[in-house]
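Subject: Handing over the model

Hi there,

Here is the structure I promised to pass on. Could you have a look when you get a moment?

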Amino acid sequence: MSVLTRDEAQTRSRLLDVHHYAIDLDLTRGDDTFDSRTVIRFTVRDDTDSTDTFVEVRPAELRTVTLDGQPLDPAALDDNRLALKSLTPGEHELRVEAAMRYSSTGEGMHRFTDPADGETYVYTQLFLDDVQRVFAAFDQPDLKAVFDLTVTAPEGWTVLANGVTEHLGDGRWQAATTPLISTYLVAVAAGPWHSVRTEHRGLPFGIHCRRSLAPHLDADAGELLDVTRACFDRYHEKFTEPYPFDSYDQAFVPEFNAGAMENPGLVTFRDEFVFRSAVTETQRQTRAMVIAHEMAHMWFGDLVTLRWWDDIWLNESFAEYMGYQTTAEATRFADTWTDFGVTRKAWGYDADQRPSTHPVAPENVEDTASALLNFDGISYAKGASALRQLVAWLGEKDFLAGINIHFERHKFGNAALADFIDSLAAATDRDVHAWADAWLRTTGVDTLTPRVTGDNGGRLLAVDRDGSRPHRVAVGLYDRDPGPEGRLTLRERLDVDLPQAEPRAIGKLPALVVLNDGDLSYAKVRFDAESFRTVREGLSGLPDPLTRAVVWNALRDAVRDGDLPAGTYLDIARAHLPYETDLALVDGVLNFAAGQVADRYVTPERRPAALSVLAELCRDLIRRTEDGDHPGLRLIAVRHRIATAAHPDTIAAWLADGTVPGGPELDPELRWRILTRLAVLGATGEEAIAAELARDPSATGQEGAARCRAALPDAEAKSRAWEAMFATDDLSNYLFTATAQGFWQPEQADLVRDYVPRYYAEAVAVAARRGPAIADAAGRWAFPGHAVDDANLRLGRECLEGDGPIPALRRKLADQLDDLARALRVREADAR
């Protein structure tokens, strides 16, 4: 597919004003294709030198094209571009009729048949340049237009779209005319949806899911709608510009590649957010945050849209910041920033230390393929962290004033970084242009280290900064509580601007100095020697979970940098995690300890000991929660106890009994977790997997079975899984991912050794055939990350030396190989 370059987009934007799309989709044409008819009205400007341009479309069959009533030759379609030549100034009308392919990879018009009941659903995901898979378009964000949509659907289906839809009879549906929006934001979701509808502030609100998930949606409908209303009201307190669309629907759709998508008036979410098994309060909090994030996009991205993809941060960083902040302000989930600190922020730190790092606001995003790669931990987590630092530096009042100026100046239009900075500058005397240069145009993570000098009665504190950004940070000074529990008490929290002018007098020596206490800036932090001793002995005695998140992140960073032995991290986790009360922290630390430390950072010889430490830790947590007062903590401990089981007996007994002694009873999610681990350990087989699938024939059950079958320590099972992933194109995006998740297991390194050199060529081939979504899955989940050795690193680097990998796979491989090299360095540091 030809990708759109920034130069091409700018040329086309100077040439055209696009006014209106009339789109007619027929979803009754069979299982493989649907019909698409598009009428585009546009104007060629008088003051342009160019009279040639093109429209994008990727059909199964291009049937007819007419421009101003004159037929164009469909055979002139070149890949995904249809040339429009010798256009005269003035108004034009383009008509395109085509058959378009349904997708099984979550791109374009995705089609899914629910194995639970045989019902079929379709939905669009047109981001970033996939609109051309559904209808012909001038596909770039700054050519906004008004859209009218009609859809023919099978009887019994409901059609959802950006605006209120009306059933005209005979399967025909019509959506209300949109205001000006970008092409990538057009949305359709059609099928026999189960819907819960209400009104709020005079607008229709709805939540929708597959029929087979109806009981689970109904169970949570009150919470979902309460969060939606609370966030909606809070945004209207923050923003002077009212919600700009005519309705607010949220559709939970199957096999969705992202967490959610901010289509105006019709937000689509992955339907794992319709919880069918027990979840923790942190998982509910995450769902609430995603709801708040996507609603923020109605203003950041939909009302005011980036001009070109170099300003992704104007969408994602703002929605990320607003999502966490508004969830904390408006819902019962008041501790969202702790979860951000221990999960999302780590994502940003990791991405920012790889060779593929880029500025939050890069200047050179040359084309759409490059842009797609930047939807990463930098555009989300680092950008949100930078905004949080901006609010700390600027003050929330001036920050919101600048935002509201921005909305007023650019509503229903497009804007770039310079526009936003000018809007902020209009609301403050601070030098926000200098701030933007330092924070948004640079890469990498600063490191902050405390330095305490002087005698015990007159200690001085300085903060050394390895990096160039200005920071406003809080520094927490903690003393040991003289009581028997050894708690740590906050003596004082200092506000320090970096670079620091003079050392600060702090009196007597504190037991612990925590830089960036409160986590308001974006930087790695280190400890002085006395503080590290206190962390080892008393981390769980810190009173605030956000402070503990900063400390755990510092330990995590030190392990990754080779400055803290992996075994020491496990010892600290073993000592303090059994006393942790924050669920996000427990889950985040265990995920890193198991997924990175035990699986990659320790050698294969030391891995059993690491798993033993984690299993004992989980047993402690399970014993601690026997009273039933901490069900979320117990659920986390049970999940990780399953994942770290080195022997099958205990978890096999749980599966046979259908319960963990003392609870919880095993729901489908826990049953598949146990069966997957038993498969890895060679303690189950096809008969048990088939029986479990008969018990749970849902889409999630199908994925669980695929994961288990790929995890079996059997040469024939591995061969079948490999063929399914790489030799055929039958697997949907979700089944591909599930199979890949099961395939590589550290316990089975010898069994799959011969597949490691095969991976690179075959991943390149499947990515080229199936496109970016499968390329992402092949690079993320199918990568042999368990093989932490020089041979794997060499094979990967040789693969990147050629032109073979498409951009989506190339970026994933580059990141995986950098993580692999880091794991080797950590092992070398541990060995010294």
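Below is what I found in it, going through the sheets, the helices and a few backbone details.

A word on the basis: this is a predicted model, in which local features need pLDDT of at least 70 and side-chain atom pairs count only at pLDDT 80 or more, while totals for chains, interfaces and linings use all residues. Residues are numbered from 1 along each chain as its sequence is written, and side-chain values use heavy atoms, with hydrogens and water left out.

**Sheets**

Helices (H or I, at least four residues) and strands (E, at least two) are DSSP runs, numbered from the N terminus. Two strands count as paired if DSSP finds at least two bridges between them.

One open sheet has 8 strands in the order β5-β4-β7-β2-β1-β10-β13-β12, and its pairing is mixed. Its edges are β5 (70-72) and β12 (165-169), each of which pairs on one side only. On average, neighbouring strands in this sheet are turned by 20 degrees against each other, direction ignored; axes here are lines fitted to C-alpha atoms, for helices over the stretch in contact, and angles run from 0 to 180 degrees between N-to-C directions. Within the sheet, β2 (residues 33-44) and β7 (residues 90-101) are antiparallel partners over 12 bridges, and F34 stands opposite M100 in β7.

Helix α1 (residues 6-15) packs on this sheet, where it touches β1 (16-26) and β2, and its direction makes about 100 degrees with that of β1. Contact means heavy atoms within 4.5 Å. The buried residues of α1 are R6, A9, R12, S13 and L15, and they pack against β1, β2 and β3 (53-56). Buried means under 20% relative accessible area, exposed over 50%, and partly exposed in between (1.4 Å probe, protein chains only).

Another open sheet consists of 4 strands, ordered β8-β9-β14-β11, with antiparallel pairing. Here β8 (108-113) and β11 (158-161) are at the edges with a single partner strand each, so one side of each has no neighbour in the sheet. The twist from one strand to the next averages 10 degrees. β8 pairs with β9 (residues 120-125) over 6 bridges, and G108 has Q125 of β9 as its bridge partner.

**Helices**

The axes of α23 (residues 755-770) and α24 (residues 772-780) come within 7 Å and cross at roughly 160 degrees. That makes the two helices roughly antiparallel, a label used for angles over 145 degrees. On the α23 side, Y759, V766, A767 and R770 meet P772, I774, A775, A778 and G779 of α24.

Elsewhere, D350 lies in helix α5 (residues 336-352) and counts as buried at 10% relative accessibility. Leaving aside residues up to four places away in sequence, D350 touches R556 and R560.

**Backbone details**

Most residues other than glycine have a negative phi, and most peptide bonds are trans. A cis peptide bond joins L498 and P499, with omega about 5 degrees; P499 is in the loop between β25 (488-498) and β26 (504-507). G663 and P664 are also joined by a cis peptide bond, with omega about 5 degrees, and P664 lies in the loop between α17 (649-657) and α18 (668-680).

D79 has a positive phi of about 60 degrees and is partly exposed at 43% relative accessibility. D519 has a positive phi near 60 degrees, but D519 is buried at 5%.

Best wishes

Note on methods
Parallel < 35°, antiparallel > 145°, perpendicular 65-115°, else oblique.
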